[in-house]
Amino acid sequence: MMNLILASGSPRRRELLSLYTTNFTVCVSDFDESTVQAATPAHLVEQLARGKCLAVSAQHPGAVVIGCDTVVDVNGEVFGKPHSEEDAKRMLRALSGATHEVHTGVCISDGARTESFVDSCRVTFFPLGEEEIDFYASTAEPYDKAGAYAIQGRAALWLDRIEGDYYTIMGLPVSRTVQLLAHFV
Ligand SMILES: Cc1cn([C@H]2C[C@H](O)[C@@H](COP(=O)(O)OP(=O)(O)OP(=O)(O)O)O2)c(=O)[nH]c1=O
C-alpha cells in the first residue's frame, strides 16, 4: 500500500483529501516561502506547492507526497494570508463588487518523479458594505485564508458567481488531485 503524505497544515485540505482516502498522514513542511519568486501568480503557486512537496519528500523516501499552495489574484496583485486587521480590510475592499481569480498549485512527488498543475477559479463578489467588512475583519475567519476570506464560511453570503472548481478556492482541487495521484500507484 502507498505511503501517502499530505504536506499541508490546512484543515480544509485534510478534509477534502479524506473524501478520497483516510489512509494518509500529515507532515507540514518547513519550506521557506519567501525564497520563491515567479513571473505570474499561477507560476508562484506552482513553485510554492513544489517547494513544500519536495521539502517533505526529501525527508520521506518512498512516500508519495502532496504539496499545495493557494493565492488570490486581483488583476495581477497577489493576496496571501492577511498580516493584520487593516490588511484584511484592504483585501476585502479590493474584492468587493469585483471579480478575482483564485489559483491553487498542487505538486505530487514519489522522490523519483514529480508532477504538478495549477487550477484557477474565477470568483465574483457582490459589493460589501463597510460594516460587513469591519465585522468580518473582527472575526477569526480571514486570518488563515488567502485573500482574507473563506468561501466555505461567511463569504458564501457575498457570492455572485464562480467559474471553475469550488474546491480550488478552498485550497485543494480534489478531483484533479486524485486524477494526478492515479499516476503514482
Ligand atoms: C480563498 C480561500 C482560502 N482558503 C484557505 C486554503 C488554504 O488553507 C489557505 C491558503 O494558504 P496556503 O499558504 O495555501 O496554505 P496553508 O498555510 O493553509 O497550509 P500549508 O502551507 O501547510 O499547505 O487559505 C480557504 O479555506 N477558503 C477560501 O475561500
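A strand, as the word is used here, is a DSSP run of E of at least two residues, numbered from the N terminus. In this predicted model, the strand that gives the most to the shell around the ligand is β3, residues 64–74, with four residues.

The shell can be looked at residue by residue as well. There are 23 residues around the ligand, and those that come nearest are S8, G9, S10, I151 and G171. By character, the shell holds 10 nonpolar residues, seven polar ones and six charged ones.

Stepping back to the whole fold, the protein chain contains six helices and seven strands. Followed along the sequence, these elements appear in the pattern β-α-β-α-β-β-α-β-β-α-β-α-α. The C-alpha trace spans about 50 × 35 × 25 Å along its principal axes. How does the radius of gyration of the protein chain fit with that of a compact globule, and what is its value? For 185 residues, such a globule would have a radius of gyration near 16 Å, and the value for the protein chain, 16 Å, agrees with this.

The interior completes the picture. Of the 185 residues in the protein chain, 39% count as buried. In soluble globular proteins, nonpolar side chains tend to be buried together. Here, the largest nonpolar core has 44 residues, of which C53, V65, I66 and L92 touch the most other members. Beyond its neighbours within four places in sequence, L92 is in contact with L128, I133, Y136, A137, A148 and Y149. Across the protein chain, among contacts between residues at least 6 apart in sequence, 69% join residues at least 24 apart.

Note on methods:
Residues numbered from 1 in each chain as written. Predicted model: local features only at pLDDT ≥ 70, side-chain atom pairs only at ≥ 80, totals over all residues. Near = placed C-beta within 6 Å. Nonpolar A, V, L, I, M, F, W, Y, C, P; charged D, E, K, R; others polar. Rg over C-alpha atoms; globule rule 2.2 N^0.38 Å. Buried ≥ 20, exposed ≤ 12 C-beta atoms within 10 Å, placed from the backbone. Contact = placed C-beta atoms within 7 Å. Core = buried A, V, L, I, M, F, W, Y, C linked by C-beta atoms within 7 Å.
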